[in-house]
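Reader: Hi! I'm new to this one and would love a friendly tour. Could you show it to me?

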Amino acid sequence: MGYDLDMPIPERLNPSFSPNRPTAPPRPDPVEAARKRLIVALDAPDARSALKLVDRLDGRCQWFKVGLELFTAAGPSVLQPLAKKGYSIFLDLKFHDIPNTVAGAVRSAASLGVRMLTLHAGGGPAMLTAARATLAGIENPPELLAVTVLTSMDQAQLSATGLSRPPGDQVEILVRMGLATGMHGYVCSSQEVATVRALTGPEGVLVVPGIRPAGADTGDQKRIATPADALQAGASYLVVGRPITQAANPAEAAEAIVREMGEALDA
Ligand code: C5P
C-alpha cells in the first residue's frame, strides 16, 4: 500500500487516527505522585543538622514537616532555606491554648509561608472556630489540620487522661467537631483513616503519622501502619520521621518508602 504523502504523519501511519478524537490524559507516574504525598518529619536538634538532612534527601520528597524540636531550637528562620529550595512546609506545632492565644499563634504562623499547620482538636470548638476565623482576609492561608488522637496513644494512655472510650470513637467525635468548625483536614492514625475519610469526603486532607515500613522499629508509636496500608486506607499524606531520618542512608530509606507508596497508588 502506498502512502498519500499529502496526509499528515499520524493519519498515514494509522488511517483510523482522528485528530479530533479525545485522547486519555497521560497517566501520572505513580512514584512521582507518591513523592508529593510523602512528608518527612525534620525532627532534628538544630538547623545545621536539619538542613544537612534536607540536602541528603534532595529530590526524594516534596514536603518537610517542622515540629516542636526544630522550631524551638532554630526559630522561624529555619523555614526560609526550605522555602527557597521549593519545598512545601508543614508546620506541626500542635497549638492548644485559649482561643485568643491560638488565634494569634495561627496569625503569626500564617505569615511564615507554610502550607499546613496543626492545632489540637482537643482544644475544643471555640478554639478551632477562633483559629479558622483568623484566616479570613489572609492571602494564601495555610490549611488548618486538627490533630485528633496522637498515634503514640493507645487505649491505656487515653484512659489515663480520663477518656475511656476507644481511640477510634474519640477520633470520630473530634473530626465531627472539626467539620463543624471549618477545619481543612485531620491528623489521625491509619487505623481511623477510613472512618475519617467517610466523614470528610474526598476533599478532606488526611495526614497520617505512625508510619513504619514492615520490620521497622516502632519506637514510641502505638497505632502504626505500613506506607502501603495507610495510603490504601485513604490517607492524603504520610508523615515519616525516624524510619528515614535515623536510617544509615536516609535517601535510600526514603526512596524505598516512595516506591512502596507508588506501588500502592498504582494498585
Ligand atoms: O519518627 P516518627 O515517624 O515516629 O515521627 C512522626 C512525626 O509525626 C513526629 O514528628 C511527630 O511529632 C508527628 N506526629 C505524630 N502523631 C501525631 C501527630 C504528629 O507522630 N498524631
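Author: Happy to! Keep in mind that this is a predicted model. Let's start with strands β3 (residues 88-95) and β4 (residues 116-120), which run parallel and are joined by three bridges.

Reader: Which residue does Phe90 stand opposite in β4?

Author: Phe90 faces Met116 there.

Reader: And what larger arrangement of strands is there?

Author: There is a closed barrel of eight strands, in the order β1-β2-β3-β4-β5-β6-β7-β8, and the pairing is parallel. On average, neighbouring strands in this sheet are turned by 25 degrees against each other, direction ignored.

Reader: Nice. Which helix lies across β3, β4 and β5?

Author: That's α7, residues 125-134. Helix α7 runs at about 160 degrees to β4, and the β5 strand covers 143-147.

Reader: How do α6 and α7 pack?

Author: Helix α6 (residues 99-110) packs against α7 at an angle of about 30 degrees, and their axes are 8 Å apart. The crossing of α6 with α7 is right-handed.

Reader: Which residues make that contact?

Author: On the α6 side they are Pro99, Val102, Ala103, Val106 and Arg107, and α7 brings Ala126, Met127, Ala130, Ala131 and Thr134. By class, the contact of α6 with α7 has eight nonpolar residues, one polar and one charged.

Reader: Switching helices: at what angle do α9 and α10 cross?

Author: Roughly 25 degrees, with the axes of α9 (residues 167-180) and α10 (residues 190-200) coming within 10 Å.

Reader: So are those two roughly parallel or antiparallel?

Author: Roughly parallel, because angles under 35 degrees count that way. The crossing of α9 and α10 is right-handed.

Reader: Which residues touch there?

Author: From α9 you have Gly168, Val171, Glu172, Val175, Arg176 and Leu179, while α10 contributes Glu192, Thr195, Val196, Leu199 and Thr200. In the contact of α9 with α10, five residues are nonpolar, three are polar and three are charged.

Reader: New topic! How many aromatic pairs does the structure hold?

Author: Two. In one of them, the rings of Trp63 and Tyr237 have centres 5.2 Å apart and planes at 65 degrees, so this pair is edge-to-face.

Reader: Where do Trp63 and Tyr237 sit in the chain?

Author: Trp63 is in strand β2 (residues 63-67) and Tyr237 is in strand β8 (residues 237-240). The two are 174 residues apart, and the pair links distant parts of the chain.

Conventions
Residues numbered from 1 in each chain as written. Predicted model: local features only at pLDDT ≥ 70, side-chain atom pairs only at ≥ 80, totals over all residues. Heavy atoms only, no water. Axes fitted to C-alpha atoms, helices over the stretch in contact; angles between N-to-C directions. Helix = DSSP H or I, 4+ residues; strand = E, 2+ residues; numbered from the N terminus. Parallel < 35°, antiparallel > 145°, perpendicular 65-115°, else oblique. Left-handed = near helix turned anticlockwise from the far one by under 90°. Contact = heavy atoms within 4.5 Å. Nonpolar A, V, L, I, M, F, W, Y, C, P; charged D, E, K, R; others polar. Pairing = 2+ DSSP bridges. Phe/Tyr/Trp six-rings, centres within 6.5 Å; stacked < 30°, edge-to-face > 60°.
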